[in-house]
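Here's a quick briefing on a protein with its ligand. Have a look at the model, then go through the notes below.

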Amino acid sequence: MSNSTKIWFVTGASKGIGQRLVRQLLARGDRVAATSRTVASLTEAIGPASGQFLPLQVDLTHDQSVRSAVAQTIRTFGKIDVIVNNAGYAQQGTIEALSDEELRQNFEVNLFAPLSVLRHALPHLREQRGGHVINIASIVGYQGGYAGWGSYVASKFALAGLTESLAAEVAEFGIKATVVYPGPVRTEFLSSGALAVAKRQIDEYAEARASLDLHLDTLHGHQAGDPDKLATLIMQAVDVADSPLHLFAGKIANELAALKAAAVQRDLDAWKGSSEATDFVE
Ligand SMILES: NC(=O)c1ccc[n+]([C@@H]2O[C@H](COP(=O)([O-])OP(=O)(O)OC[C@H]3O[C@@H](n4cnc5c(N)ncnc54)[C@H](OP(=O)(O)O)[C@@H]3O)[C@@H](O)[C@H]2O)c1
């Protein structure tokens, strides 16, 4: 891909990180197809449809809706250079409290929707022998030790793992993949309209309760990450020749990633002998 203007497909763009990214892309002259569950919220947040901007009402949990959005983007702009799987939400709840429906819906949006986008967009990227897939995971998709957030953590670990596999799968076609692990970012993400709190809570889980209170009362509105700067970082990672596979965003994300790496190294060191002894002796 050259550094000339690009064509982007961004999911979940009516607010937060997606909205900031789309605004910056349009400002620098790129063309953008952006999705939202309600197209009106998208045009209100960003502006009307134009030769540069294609707002799309998409139900990301329905494969046909995703398929027609990708097809409409290709019909309108001729190609897609960069896919940003950004839409997502946090489902709070301890593992035994979460209903099957709560869990599955969270995975529908955070994992199966990106898979659906890729299923329909990758054939075009393979054919044009180039492109870049950005999957927005979370630092909790790398360092997952948070009581009461198992569904969200698991969905983001899955998205991160998928991105690593994808990178290996599409490299031969000149396609790149990046998993972004933001720390806390100041958006609507922890607002009552966005955060899904489990319908059932189990009182005995004090850690999970405390973590929920912390997120709602202390963290919401005070997150360290600036969504505009994160959007700029994503654009930089796409523009450079040697794009990272793993992109940690923010000081907190960098610190937590280092702690996780050190914790894994400690476990590796402590169990190396007995672990390696499980191999056949040949
Ligand atoms: N903010 C953070 O602290 C943080 C940290 C790490 C990772 N992230 C990740 O960054 C991404 C963007 O989050 P944000 O901070 O910008 O949050 P946000 O302000 O709440 O925006 C989330 C976007 O995702 C879409 N979305 C949410 N729930 C959806 C659902 N059930 N079905 C379809 N689309 C849905 C929304 O699309 P509509 O336009 O349809 O409303 C919205 O535009 C998410 O994947 C999130 O997990 C956020």
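A pocket here is an open set of points, on a 1 Å grid over the protein atoms alone, with protein on both sides within 12 Å along at least five of seven lines. A molecule sits in one if more than half of its atoms lie within 2 Å of its grid points. By that yardstick, the ligand's space is the largest pocket.

The model is predicted, so to speak up front: local features need pLDDT of at least 70, side-chain atom pairs count only at pLDDT 80 or more, and totals for chains, interfaces and linings use all residues. Numbering runs from 1 along each chain as its sequence is written, and side-chain values use heavy atoms, leaving out hydrogens and water.

**Shell around the ligand**
- The ligand is surrounded by 26 residues (a heavy atom within 4 Å), and the closest are Ser14, Arg37, Asn86, Tyr152 and Thr187.
- That shell splits into 13 nonpolar, nine polar (Gly counts here) and four charged residues (Asp, Glu, Lys and Arg).

**Polar contacts (N or O pairs within 3.5 Å)**
- Lysine 156 puts a polar side-chain atom 2.9 Å from a ligand oxygen.
- Backbone polar atoms also reach ligand oxygens: valine 185 at 2.8 Å and glutamate 188 at 3.4 Å.

How values were computed
Polar contact = N/O pair within 3.5 Å; in protein donor to acceptor, adjacent residues only side chain to side chain. 1 Å grid on protein atoms, 1.4 Å probe; cavity = no way out; pocket = protein on both sides within 12 Å on 5 of 7 lines; lining within 4 Å.
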